[in-house]
Number of protein chains: 2
Amino acid sequence: MSEPVIDVVGIGNALVDVISQEDEAFIASEGLRKAAMTLIDEQRAHHLHGAMGPSTEMSGGSAANTMVGIASLGGSAHYVGKVRDDQLGEIFAHDIRATGVGFSTSPASGGGATGCCLIVVTPDAQRTMNTFLGASVELTPDDLDLDLIGSAAVLYLEGYLFDPPGAQEAFRVAARAAHASGRKVALTLSDSFCVERHRDAFLELVEHDVDILFANAAEITSLYRVETFDDASQHVRGHCEVAALTRSEHGSVILAADEVHVIDAHPVEQLVDTTGAGDLYAAGFLYGYTHGHDLARCGYLGSLAATEVISHVGARPAKRLAALMR
Amino acid sequence: MSEPVIDVVGIGNALVDVISQEDEAFIASEGLRKAAMTLIDEQRAHHLHGAMGPSTEMSGGSAANTMVGIASLGGSAHYVGKVRDDQLGEIFAHDIRATGVGFSTSPASGGGATGCCLIVVTPDAQRTMNTFLGASVELTPDDLDLDLIGSAAVLYLEGYLFDPPGAQEAFRVAARAAHASGRKVALTLSDSFCVERHRDAFLELVEHDVDILFANAAEITSLYRVETFDDASQHVRGHCEVAALTRSEHGSVILAADEVHVIDAHPVEQLVDTTGAGDLYAAGFLYGYTHGHDLARCGYLGSLAATEVISHVGARPAKRLAALMR
């Protein structure tokens, strides 16, 4: 087994975020599921966009945000995800490459437009996400460069990938390739409703294929159908090598076979928009993990990166994280 | 002559801004003309975008920003400008309508893509603009609703419209229609290099067709080919009813036949990005003008709106200006 040449390869739904600030009444009047990710079709996307106020467009996508975070910390990352050959697809490709992340998935030349996530940010800084998957559903195992995946220390997969059927298969093929090269497989559960949609498949994956699991309290309790965070943490221990469980302002808990770390959240001066908090926590953690830091330091770096991203609008760092880390 | 039913109709190049933060070295290495607006072709736009870091996309366009500012202050505004029927065109149309500005120009179904302005913001908060006009050049007199123009108290034209040849003609037709209905015609000189490109035409317009002129110090000295702001202000007086001349942090000077007002700039807590400062000054001024305020109050409202827009990234207000005004 050769030394890895890349820190992390991430696979996910490639999306451009369309962000607007709305009041609480908007959530009710549009019937949105607050603070969750809801899948919507193109017609609903048109309606909802029409109802939203003036918006800002920024590249997003959960695993893509994580890869950008790793690059911003000074790590090496590659991303796999499907856009279309349209304007938003060009913007997505530009932005991810501009941060130094490798991105070579060929854009779809037919089918749906580049996927987008309509994000409503309320005055309490919560984000409510409404995803039109668009071209993301075109991702198949053919889009994988298995040599590249085998050359990365960690393969990172987002749970959202379980929504488009072709991507599920790519997900499994990639995980096998990573393990065949002796690499680690990391998964984020993404969203508690996503866990509900795919619970059995996730349980099987966590037991058999996942080395590093990321989840928040709602996701991990949903996965094991238990009431409390503590109950869930008893279940997950032993099922995968490392579980990094985030608890918003209460920090995070990292569980490994013979280690437990309780990590404080960083103080945040001004909480503006929680979009990307989990994605950037994973970025900081995986940067630490692939650079030989202990698990407590990995958790610290996760908190640091998450704190930067929630202090402004948008799911990607506004400052170079490597400078913050020093 | 009937009472106007709309405060302002604005005509301009419809653009989506693509904004990135870069250091001073980037301006030099890409050979950009700092703090100015430079016209670029599609090939150059591709190159420059490729060189820029990760970007944020927000609807822009000078006169469009001004109309959005008027609506944000609680005024009624309509916008005329040409996008294509593509993704960025949809975003442009959505954003301007979402702020309450009327927008009914039909998008082009062929030709260039929706125009964009690649904006590089340096640490000194200066913006350097590089415009690919795209579909903007398709604007012709056929896109004008002359009844609508005749129903607005003020017709507002951006000097940038002189770059696309068809738009120049639309510009003149619109001005005639406004005057035929007894309305006022306002013009912003937009950019000192734009003044250089079209000096003779601008001089003729200012003398014969423009009632309200907006210009900054560089633009007005370029127009009259004089050295000092004071020299320029002697020239402009008498050539049009009102001239509102902006001087960045030194505030503005308003000249009319028998009035002169020297208006202070508002204090700004944090200067982040000067994009849109002139556009929003015009918005505040015209809101005041069309709501029966005296010229000093018009200048005060211009400064207030400009100060909001330079305290954050992007050329349109992030807060509702009507609330700031109270």
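# Exercises on a predicted two-chain model

Strand β1 (residues 6-11) of chain B runs parallel to strand β9 (residues 152-158) of chain B, and five bridges pair them. The model is a predicted one, and the exercises below start from this pair of strands.

## Exercise 1: The sheet of chain B

Place β1(B) and β9(B) in their sheet, find a facing pair of residues, and describe the helices that pack there.

**Solution.** Begin with one register point: G10(B) faces Y156(B) in β9(B). Next, widen the view to the open sheet of nine strands, whose order in chain B is β6-β5-β1-β9-β10-β11-β12-β13-β14 with mixed pairing. At its edges are β6 (102-103) and β14 (259-263) of chain B, each of which pairs on one side only.

Now add the helices. Helix α6 (residues 165-180) of chain B lies across β1, β9 and β10 (184-188) of chain B, at about 160 degrees to β9(B). Helix α11 (residues 277-290) of chain B also packs on the sheet, where it touches β1, β9, β10, β11 (212-216), β12 (242-246) and β13 (252-256) of chain B. The direction of α11(B) makes about 165 degrees with that of β9(B).

## Exercise 2: A buried strand

Is strand β8 (residues 127-132) of chain B enclosed or open, and which strands pair with it?

**Solution.** Start with burial, taking a residue as buried when 20 or more other C-beta atoms lie within 10 Å of its own. Six of the six residues of β8(B) are buried, so the strand is largely enclosed by the rest of the structure.

Then sort the residues by direction. In a regular strand, side chains alternate between the two faces of the sheet. Here R127(B), M129(B) and T131(B) point one way, while T128(B), N130(B) and F132(B) point the other way; all are buried.

Finally, look at the pairing. Strand β3 (residues 37-39) of chain B joins β8(B) in the parallel sense over three bridges, and M37(B) has M129(B) as its bridge partner. Strand β7 (residues 115-121) of chain B pairs with β8(B) in the antiparallel sense over six bridges, with L118(B) opposite N130(B). The hairpin of β7(B) and β8(B) has five residues between the strands, and A125(B) takes a positive phi near 75 degrees there.

## Exercise 3: Two helix pairs in chain A

Work out how α9(A) crosses α10(A) and how α11(A) crosses α12(A), then list what each contact is made of.

**Solution.** Take helix α9 (residues 217-224) and helix α10 (residues 229-236) of chain A: their axes come within 9 Å and cross at roughly 65 degrees. The crossing is left-handed. From α9(A), the residues A217(A), I220(A), T221(A) and Y224(A) meet F229(A), A232(A), H235(A) and V236(A) of α10(A). By class, this contact holds six nonpolar, two polar and no charged residues.

Turn to helix α11 (residues 277-290) and helix α12 (residues 295-309) of chain A. Their axes come within 7 Å and cross at roughly 145 degrees, in a right-handed sense. Among the residues that meet are L280(A), F285(A) and Y289(A) from α11(A), and L301(A), L304(A) and V309(A) from α12(A). This contact has 14 nonpolar, five polar and two charged residues.

To finish, see where α10(A) sits: it lies across β11 (212-216), β12 (242-246) and β13 (252-256) of chain A and runs at about 25 degrees to β13(A). As for α12(A), it packs on the sheet and touches β12, β13 and β14 of chain A, with its direction at about 25 degrees to that of β14(A).

## Exercise 4: The two chains together

What operation superposes chain B on chain A, and what makes up the contact of the two chains?

**Solution.** Consider the operation first. A rotation of 180 degrees, with 0.0 Å of shift along its axis, superposes chain B on chain A with an RMSD of 0.0 Å. This is the relation of a two-fold axis. The residue of chain B that comes closest to the axis is E57(B), at 2.5 Å (C-alpha). Both copies use the same surface, with 100% of the contact residues of chain B recurring in chain A.

Now count the contact: 19 residues come from chain B and 19 residues from chain A. On the chain B side, the elements giving two or more residues are α2 (42-51), β4 (56-59) and α4 (87-98). Of these, α4(B) gives the most, with six residues. The class split for this side is seven nonpolar, eight polar and four charged.

Technical notes: Residues numbered from 1 in each chain as written. Chains lettered and ligands numbered in written order. Predicted model: local features only at pLDDT ≥ 70, side-chain atom pairs only at ≥ 80, totals over all residues. Axes fitted to C-alpha atoms, helices over the stretch in contact; angles between N-to-C directions. Helix = DSSP H or I, 4+ residues; strand = E, 2+ residues; numbered from the N terminus. Left-handed = near helix turned anticlockwise from the far one by under 90°. Contact = placed C-beta atoms within 7 Å. Nonpolar A, V, L, I, M, F, W, Y, C, P; charged D, E, K, R; others polar. Buried ≥ 20, exposed ≤ 12 C-beta atoms within 10 Å, placed from the backbone. Pairing = 2+ DSSP bridges. Least-squares fit on C-alpha atoms with pLDDT ≥ 70 in both.
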